[in-house]
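Dear colleague,

Please find below the structure that I promised to pass on to you. My notes on it follow, and I would be glad if you read them with the model open beside you.

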Amino acid sequence: MKILLLGGSKSGKSRYAQQLVRDFGPPMIYWATMEPTDAEDRRRIENHLLDRAGWGFETIECGRELPQAFDLLPPNASVLLDSVTALLANEMFAGTFDEAAGERVLAQLSALAAQTKNLVCVCDELWRDGRVYSAAVECYRRELAMICRALAARFDAVCEVSAGVPRFQRGAF
């Protein structure tokens, strides 16, 4: 089962994703893509660790070039990738701006989906506010939306989480 979870920042996506993966059963992998840059990032990571403590997740920390960590995946793994949003940012803004990162990230996520029994990908919806940003940020938002559209077309289910309440847009679990 492949599921794309969408929603705003702090909407409950990660918590719901953990519940989904726990329902799939072991082996359960939490694939963390955030590369912390400040105290707020580190607090978010600590909160995620506390939230899933005792649930039986193993953690893979790999925020770019996902295939380099595929050897760490046990057979028939159920994987929670949190998040597509951070993964694209890591790939697009590391060093020099890489406007072609979206296609590469999509290819990496497709390869990960092929490696796993179950995959839940978490992604922030960053394209709804109607504001206009710098060219680099607009490219990032466009590429993130492209990735989510492609995953939505390929995955078994798409779910939006708002205020902790999941609503399946396509498919179901």
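**Backbone points to look at**

P27 sits in the loop between α1 (13–24) and β2, and in this model, which is predicted rather than experimental, the peptide bond that leads from P26 to P27 is cis, with omega near -5°. A second cis bond joins D82 and S83, where omega is about 15°, and S83 belongs to the loop between β4 and α3. Most peptide bonds are trans, and most residues other than glycine have a negative phi.

That second expectation is also worth keeping in mind for two further residues. K10, in the loop between β1 (2–7) and α1, has a positive phi near 60° although this residue is not a glycine, and K10 counts as exposed because its relative accessibility is 61%. A163 likewise is not a glycine and has a positive phi of about 55°; this residue lies in the loop between β6 and β7, and it counts as exposed because its relative accessibility reaches 73%.

**The strands**

The hairpin that holds A163 has 2 residues between its strands. Its two arms, β6 (residues 157–162) and β7 (residues 165–170), pair in the antiparallel sense over 5 bridges, and within that pairing C159 stands opposite F168 in β7.

Strand β4 (residues 78–82) pairs with two other strands, and I would start there when looking at the parallel part of the model. With β2 (residues 28–32) it forms a parallel pairing over 5 bridges, in which Y30 stands opposite L80 of β4. With β5 (residues 118–124), β4 again pairs in the parallel sense over 5 bridges, and here L81 stands opposite C121 of β5. How many of the residues of β4 are buried? The count is 5 of 5, and both faces of the strand are covered, with S78, L80 and D82 on one side and V79 and L81 on the other.

**V84 and its surroundings**

V84 is in helix α3, which spans residues 84–93. Buried means under 20% relative accessible area, so V84, at 0%, counts as buried. Leaving aside residues up to four places away in sequence, V84 touches L109, C121, V122, C123, L144, I147 and L151; C121, as noted above, is the β5 residue that stands opposite L81. For orientation, V84 and A163 are 79 residues apart in sequence, and their C-alpha atoms are 20 Å apart in space.

**The chain as a whole**

The protein chain comes to 5 helices and 7 strands, which run from the N terminus in the order β-α-β-α-β-β-α-α-β-α-β-β. Its radius of gyration is 15 Å, which agrees with the value near 16 Å that a compact globule of 173 residues would have, and its C-alpha atoms fill a box of roughly 45 × 35 × 35 Å along the principal axes. Buried residues make up 48% of the 173 residues, and of the contacts between residues at least 6 apart in sequence, 74% join residues at least 24 apart.

As for the surface, the chain exposes about 8,700 Å², of which carbon and sulfur atoms supply 51%. There are 20 positive and 23 negative side chains, and the centres of these two sets lie 5 Å apart.

With best wishes

Conventions: Residues numbered from 1 in each chain as written. Predicted model: local features only at pLDDT ≥ 70, side-chain atom pairs only at ≥ 80, totals over all residues. Heavy atoms only, no water. Helix = DSSP H or I, 4+ residues; strand = E, 2+ residues; numbered from the N terminus. Buried < 20%, exposed > 50% of the residue type's maximum accessible area, 1.4 Å probe, protein only. Contact = heavy atoms within 4.5 Å. Rg over C-alpha atoms; globule rule 2.2 N^0.38 Å. Areas by Shrake-Rupley, 256 points an atom, 1.4 Å probe, with all protein chains shown as cover. Lys, Arg positive; Asp, Glu negative; His and termini not counted. Charge placed at Lys NZ, Arg CZ, Asp CG, Glu CD. Pairing = 2+ DSSP bridges.
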